Amino acid sequence: MMKKFFYLFSSFVIILLLSACSVDSDAAKLYRKSEKMKAVIVIPKTVNPNEEVDLKVEVTKEDKKVEKLESMNIEIWKKGNEENKKVIEGKRTAKETYEVVNTFSEDGIYYVKAEVRTKDLHIMPTKQMIVGELSEEEAKSLEPEKEKEDNHHSHH
Amino acid sequence: MTSEDKASNRDKRPSVKTSSSSLYKTIWRWHFYAGLIFTPFLLILAITGGIYLFKPQIENVLYQDLYEVEDEGGSISPSKQIEAVTSKYVDAHVYKYRPSDSPNHSSEVGVHIGDGTYTIFVNPHNGEIIGQLNDKDRLMDNIEKFHGELMVGTIGDRIVELAACWGIVLVVTGIYLWWPRRKTKFWGVVLPRFSKGKKVLMRDLHAVPAFWISAGLLFLIFTGLPWSGLWGNTFQQITTNAGLGYPPSVWVGDAPKSDVQTKEIADVPWAAETMKVPLSTSKDLLPLSIDDVVKVADEQNVTKGYNIIFPQTDDGVYTLSLFPPKAQDEVTMHIDQYTGAVLADYRYDSYKPLGKMIAFGITIHKGTQFGLMNQLIGLLVCLGIAGVVLSGFYLWLKRKPKSKLGAPKVAENPKQMKTLSFIIIIMGILFPLVGVSIIVVLLFDFFVVKRVPQLKRFLNA
């Protein structure tokens, strides 16, 4: 009787231990899941100053349709001029597409930020864009930064 | 005469070879050796633990000048606070930011400079740098390191784990030895006997307090074990994988990854001529500013006091980590570093039952869950453990014959050995380090002790 119990117990423990080598990559599925929303900012390849430009934002959700957004605003500002941000409300032009029209007065590097809100979700991706021609200084500023040495800290 | 008196007068009476006396002696022998070997470690655990219980109060005094700021109103954005740090410490690499959690409290910026890790304290109202702290110099962190791994890393962690598991053996065997032979016994069981002479008193001063704190000691061991490097990590991985414990990334397991949208290299026209200049990265989107991360945290109702850990790779995430005094307020949140989407929101409520138990066990173990009372009761148990350890040591010193170790001698009883071996094997499997140490002892016993007569005599083997 004891022997049977012992064998049962040890096999149980061994099976348990085999699952303990590492955490399964899909273990997260067993816990609370968060809905993921994605927004792709579409900017035309060439943008010239003093012209009307169409900026599009395509909003998608992982497995579900995106319901009507609570708000979709685009923030535009020139690099180095963070204090002056232009905010334009996006207009829904298709099921998952919102558009704004903007005119850029100067050449240079700009940032476009899409603030997308539904009732429960909020994302704010930012994309860089170039208007007209850049000065030598501006073009140089786009070159890759020298990588700082990354000290690997121990896990928290 | 009762069995306890028999034990204390062992050297005077002829040994009675009843089966219960033989079992008693065997269990006493285990208790004796476990105690002799592991009490130094249990003492270290009790002393360091007792101090660490008061970490909040101690750190509030030690670092008062770094923590406290005047509430002068107004505030500087997180990004500007961090900018103040990086402009002063030019070689610093920021890896962590802890926003101020009250108008009287500073913000903390965690940086790596060279090989060192520092926390820079910033005034959130005016962006002034208050001071810095080298992580190496944090007293309570060092005490915690001593407590958890004897300050010697992995091998220390295993020794502490081993000592804690053998602590279980000590309590279980101790309870067997203490158990009153007559049901109505009070003195020598629940209270020590002061009137039966010094020897009885010394024994009672070990066994009776030990009984009182045994529940506390077992609680500390069982709540500390999920923390340990071997048993604890394995236990965490089993429970997380089974969907019963912590969600992944809170203790073990990986965080989700950020969505990296790549794009083609573009032509960058510039004034002089049109030249192909590869843009700074192949990523399409810019990383979120720290101000937006704090905004997301506020929107998600994460109470201030959290740490924001910066992503280390292109597909890394911003991780919000809040481990407050009460377990039910814990938050681990992962935010996409480009879009600010909340990829995972793991609060205490999303822990499964075993995860909740472990979390609660930890905060009670650390003395933070129930405030000052928790700390004081913890301290009492730590003092009790130290007292029991020292009184046990004293008992041994008094009993020890000159040329021998003083271990109780046992005549082998095959019937009892079977049940005992069975229990030992189960313990060895449930607590693998104990199992390994028992095997080591058995091998040592068979190959060395039994063959060296002086050793055999000394150890009463």
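1. In this predicted model, residues 422-449 of chain B are 89% helix and 0% strand. The C-alpha atoms at the two ends of that span are separated by 23 Å. The stretch is one of those that UniProt, in an unreviewed entry, lists as "transmembrane region".

2. The same UniProt entry also gives residues 30-54, 159-179, 210-231 and 376-397 of chain B under that heading. For residues 210-231 of chain B, the helix content is 73% and the strand content 0%, with the end C-alpha atoms 26 Å apart.

3. Chain B as a whole contains 15 helices and ten strands. Of its 461 residues, 31% are buried. Among contacts in chain B with a separation of 6 or more, 61% join residues 24 or more positions apart.

4. Eight strands of chain B make an open, antiparallel sheet, ordered S4-S3-S2-S1-S7-S8-S9-S10. Strand S4 (129-134) and strand S10 (342-347) of chain B each have a single partner strand, so one side of each lacks a neighbour in the sheet. On average, and with direction ignored, neighbouring strands of this sheet are turned by 20 degrees against each other.

5. At the S4(B) edge, the partner is strand S3 (residues 116-122) of chain B, and the antiparallel pairing extends over five bridges. Within this pairing, Ile120(B) lies opposite Gln132(B) of S4(B).

6. Helix H5 (residues 78-88) of chain B packs on the sheet. Helix H5 of chain B touches strand S1 (93-98), strand S2 (107-113), S3 and S4 of chain B, and its direction makes about 140 degrees with that of S1(B).

Terms used:
Residues are numbered from 1 along each chain as its sequence is written. Chains are lettered from A and ligands numbered from 1 in the order in which they are written. This is a predicted model: local features need pLDDT of at least 70, side-chain atom pairs count only at pLDDT 80 or more; totals for chains, interfaces and linings use all residues. Two strands pair if DSSP finds at least two bridges between them. Helices (H or I, at least four residues) and strands (E, at least two) are DSSP runs, numbered from the N terminus. Axes are lines fitted to C-alpha atoms, for helices over the stretch in contact, and angles run from 0 to 180 degrees between N-to-C directions. Two residues are in contact if their C-beta atoms, placed from the backbone, lie within 7 Å. UniProt positions are given in the numbering used here, feature names are shortened, and annotations may be inferred rather than shown by experiment. A residue is buried if 20 or more other C-beta atoms lie within 10 Å of its own, exposed if 12 or fewer, and partly exposed in between; C-beta atoms are placed from the backbone.
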